[in-house]
Amino acid sequence: MLSWTDGARDTAHLLRFRARTVRRRGPAVAGFALVLALTALFATFPAHLDTTGEGQVADLLRQLIRGVEGNLPLVFTGVLMLAIGSAMSSGGGRELLSRSEAAVHPISPVTEHLGALALTPVNLAWLIQVWGLLTMTALVIAPERLVGAQIVVLAWVVAATALGQVVGWLVEGVRRTTHGVVIVRVVGGLIAVVFGLLHLAGLLRPMVDVLPTTWLVETMATDGWPLVTLLLLAVSVVAVWFGGAPAQWALSLPPREELRVESGVHEARHLPAPRSGSLELALMRRLDRGSVWRSVGMRRGLLVLGLGPGLVALVAGLQWSSVLLLPGLAASGAALLFGVNAWCLDGKGMIWRETLPIAPSTVFDARTLVLGECLAGVSGITITMALMRNGLPPLQIGVSVVLCWLVVVVQVLAISMSWSVRSPYGVDLSSPRATPAPHGAMAGYAGRLSLVTTMTGVLFAALAELPWPWVTVLVAAFFLSWSARRLVRARRRWLAPAERARIALTVAAV
Amino acid sequence: MNEPAIDVRDLYVRFGDVEAVAGIDLSAESGQATALLGRNGAGKSTTMKVLAGVVPPTAGHVTVAGHDVATDTLAVKRAVGYCPDVGGLVPRGTPWEHLQLSAALRRMDDWEVAARDLLERFELGDVAHRVVGGFSHGMSRRLSVVLASHHEPSVLLLDEPFDGVDPIGVDATLDVIADARARGACVLLSTHLRELALEACTSAVVLRGGSRVAALQAAELSGEAYRALLD
C-alpha cells in the first residue's frame, strides 16, 4: 500500500538533509536567484524585441519568428519526448540519497518517485528546454497574451515532466524483468526506426499537427488559457499519483543490468603495447576506460548524449549556425556524467591507486585523455550526424565547425579537470541514477558549462559569417591557449602531494 | 647496526584544523611484525597512509625502506605493499586487472603463477576475472591483502586486514605475514583485535590521540595492560 503522506514527508526530510549538506551556501543561493532571473528574462524579454525595424538583427529576428511560429506544437511535443528520454536513461530519475546511503533507511518507492520529480529541475537539459520554450513562446505570442501563455508553458513543462517520470519508471520496471534489457533495446530501436521512416515518408509532421499540443498552442494565446492550465495541472497531479505504482513495481525488482555489470567477467588481456606514450600511461588509460565503459549509467549517458543531439540535427535538418551550439552542449552533458568530479571514477579504490609506483603526472594525463575521448566522441557523433544531413559545409563554415568543436571540447575538459582537482566529492556511481557531485553543485556546473559552451558556439557561428577564415583560426588559438593554461594549472595543483592526498581522501571518503 | 625498515620521527599530519597525528615516533625492523594499536581516531590509519606515500607528512621525518617519503615517494611506493583500512579497490576493475597493473608498474616478470597461487590461498581464484564492484566486504578485504603482498614488498602495511574477514581469510592473512617476515620484510599491522595482533606480531606500538603512548613486546600486551593504555 502506497502512503503518499509519509512519502511526501520523507521527501521533505531528505530534501532538507540535502540542502543542509550544500557546502557553499552563498553561490548556491546566487545560482538559484540567477536561474529565476534568467527564467523571467527568457519569458518576457523576447516579446519586447523590435522586429519591425531595419537591419540584420531585425531580419534575423523575423526569420527566427517565422521558423518558430509553425513549429511551436512540435517543440512542445519535443519537451515531452525529452522528459521521457531523460527519465528512461537515468533509470527512473535522480536519487536523493545514493543507493548505498539509502540502503539502511526505510525510504519508500513514493519517496523515490517524489524525490526524482523534485530533483528534475536541477538539471541542465531540463532548464534549457524550459528556457527555450519560454523564449520561443515570448517571440511569437502577442505581448498582451504573454502572461497566460507562459503560465500554460510552465504547466505543460510540469505535466510533461510528471508524464515522463511515469514512462521512465515503467521502462525501468521492464528493464529489470528477466529479458527486460533486450526488450527495452529492441522496442527503443523499433520506435526510432518507425520515427525515422515516418519522417522520411513525410508523415511525421502531419502526425504532430494532429497531436493535442497543436490545440494547446492555439488555445494558450486566447482567453481559454486558465482552462488549459487547470487541465494540465490536473494531468500533472494524476501523472504524479499514477507514477507511484510503476515506481513501486520497478524498485521492487532487482536492477539486473547493473548487477550483471557489477558482477561482469572480463578475461585477462595482454599488456597494452602503446604506439605512442609510455606503458604506464597506456595501463592507466585502460583502467580508466574500463571504469567508464563498465558503468551502466555512463555508458547509457554517453550513448544518449551522442545520439540525442545528433538525431535532432539529422531529423530537424538544423542550419550550421544551430549545429555549432550542439557539440558544446553534448560535451557539457558528457562532462556532467563524471568529468566534473573525474577522480570519483576510482571510488574507494583511489587510495590503492595512489599507492602505485607511478608518476602523478601520468595519472593526471591518463584521466584527462580518457575524459577528452568521451567529450570528443560524444560531440563528434553530433557533428557527424549533422554532416550526414547537411552535407559538407562551405570552407568558412567548415573551419568554424571544426575549430568550434575542438575549442569546446578542450574548454569543457579544462574546466572539468580544474573542478575535479578543486572540489572533489566522494560519490558512489554504481547506480545510473547517481550523479558525480551533490545536486546543487551539479546545477552550478551545468549552468556554467552550458553558458560557456553556448557563448562559444554563438561566437563561432558569428565568425562563420565573416569572409576571413583566419580570424576564426586566431580566435580558436586564443581560446585553446586559455583552456590549455587552465588545464596546466589544474595539473600543477594535482602534482602537489598535499593536494593529491586531499583529493584521494575525499574521493575515497576516508 | 642496520637501519630500521620504518623510521618515523616526530611525525605530524594536519588536515586543516584537525591534527590527525601529533608527534609520533616509531621504528620497525626488517623481519619483524609490529602491531599498531589504538582506539578509533588514534592516528593509526593516517600514519599508515604516510608510510604508504599517500599522505605527505606535515612535519617530521619519515623513511621507509631507506627512502624519504617526502622526497622519494615513488621509491617508497615501489618498496611498500599497502592494504588500506577501507575499500582499496577500483570498483569496475577485476582482481586480475588490479594485479596486472600493480605487477606491470613494478616491472615484475613471471608474476602470474604466484598471483594465481595467492588468489587461491585467499579463495578468490574463482572470481579472478569478475568486477570487484559486486564483491562482499570480506572478499574486498582479502583481495586488498593479496594486492598488498603479491609483489613481495620489503615493507608490508596492513590496515585492519581482518575486518569482516572469515576464518580462512584470517589464516591466509596470518600466513602472508609469516611469509613476509620469513623473507625479511618488515610488517606493520594495524588492528583492533588484540589476540590476532599477539599471534602475528613480535612487538606493538600503542597510539592515543595522535601520539605514541607505548612501545612494548607483544608478550607484554595483556588485556588489562592494553586496556589501560587505551584509556
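# A tour of chains A and B

Begin in chain B of this predicted model by selecting G138(B), R142(B), V145(B) and S149(B) in α5(B), which meet G169(B), T173(B), V176(B) and A180(B) in α6(B). Sorted by class, the contact of α5(B) with α6(B) has three nonpolar, four polar and one charged residues. Two packed helices are described by the angle between their axes and the distance between the axes. Show both helices in full, with α6(B) covering residues 167–182: they pack at an angle of about 10°, and their axes are 11 Å apart. Because angles under 35 degrees count as roughly parallel, α5(B) is roughly parallel to α6(B). The handedness of the α5(B) and α6(B) crossing is left-handed.

**The whole of chain B**

Next, select the whole of chain B, which contains eight helices and ten strands. Its radius of gyration is 17 Å, close to the 17 Å that the globule rule gives for 231 residues, so chain B is as compact as a globular protein of that length. Oriented along its principal axes, the C-alpha trace of chain B spans about 45 × 40 × 40 Å. Colouring by burial would mark 52% of the 231 residues of chain B as buried. A contact map of chain B adds a further view: among contacts between residues at least 6 apart in sequence, 67% join residues at least 24 apart.

**Strand β2 of chain B**

Now centre on E19(B), which lies in strand β2, residues 18–28 of chain B. Is E19(B) buried or partly exposed? It has 17 C-beta neighbours inside 10 Å and therefore counts as partly exposed. Leaving aside residues up to four places away in sequence, E19(B) touches R14(B) and G210(B). Add G43(B) to the selection: its C-alpha atom is separated from that of E19(B) by 9.1 Å, and the two residues are 24 apart along the chain.

**Helix α3 of chain B**

Move to α3(B), residues 95–105. Eight of its eleven residues are buried, so this helix is largely enclosed by the rest of the structure. The buried residues to select are P95(B), W96(B), E97(B), H98(B), L99(B), Q100(B), L101(B) and S102(B). What covers them? The covering elements include α14 of chain A, together with α4 (112–121) and α5 (137–149) of chain B. Just after α3(B), inspect the backbone of R107(B), which takes a positive phi of about 55°.

**Where the two chains meet**

From α14 of chain A, widen the selection to the interface, where 36 residues of chain A are in contact with 34 residues of chain B. On the side of chain A that touches chain B, the elements that give two or more residues are α14 (279–293), α18 (350–354) and α23 (497–507). Which element gives the largest share of that side? It is α14(A), with six residues. Coloured by class, the residues on this side of chain A divide into 18 nonpolar, ten polar and eight charged.

**Two helix pairs in chain A**

Stay in chain A and select α17 (residues 326–335) with α20 (residues 395–422), whose axes come within 9 Å and cross at roughly 25°. These helices are therefore roughly parallel to each other, and the crossing of α17(A) and α20(A) is right-handed. To display the contact, select P327(A), G328(A), A331(A), S332(A) and A335(A) of α17(A), then C404(A), W405(A), V408(A), V409(A), V412(A) and S416(A) of α20(A). The residues of this contact divide into eight nonpolar, three polar and no charged. An α-helix has 3.6 residues a turn, so residues three or four places apart point the same way.

The tour ends at helix α21 (residues 439–463) and helix α22 (residues 469–495) of chain A, with axes that come within 10 Å and cross at roughly 160°. Angles over 145 degrees count as roughly antiparallel, and α21(A) and α22(A) are therefore roughly antiparallel to each other. In this pair, α21(A) passes α22(A) in a right-handed crossing. Select T456(A), F460(A) and L463(A) of α21(A) with V471(A), T472(A), V475(A) and F479(A) of α22(A) to see the residues that make the contact. By class, the contact of α21(A) with α22(A) divides into five nonpolar, two polar and no charged residues.

Conventions. Residues are numbered from 1 along each chain as its sequence is written. Chains are lettered from A and ligands numbered from 1 in the order in which they are written. This is a predicted model: local features need pLDDT of at least 70, side-chain atom pairs count only at pLDDT 80 or more; totals for chains, interfaces and linings use all residues. Helices (H or I, at least four residues) and strands (E, at least two) are DSSP runs, numbered from the N terminus. The radius of gyration is taken over C-alpha atoms; the globule rule is 2.2 Å times the number of residues to the power 0.38. A residue is buried if 20 or more other C-beta atoms lie within 10 Å of its own, exposed if 12 or fewer, and partly exposed in between; C-beta atoms are placed from the backbone. Two residues are in contact if their C-beta atoms, placed from the backbone, lie within 7 Å. Ala, Val, Leu, Ile, Met, Phe, Trp, Tyr, Cys and Pro count as nonpolar, Asp, Glu, Lys and Arg as charged, and the others, Gly among them, as polar. Axes are lines fitted to C-alpha atoms, for helices over the stretch in contact, and angles run from 0 to 180 degrees between N-to-C directions. Angles under 35 degrees count as roughly parallel, over 145 as roughly antiparallel, 65 to 115 as roughly perpendicular and the rest as oblique. A crossing is left-handed if the near helix is turned anticlockwise from the far one by less than a right angle, and right-handed if clockwise.
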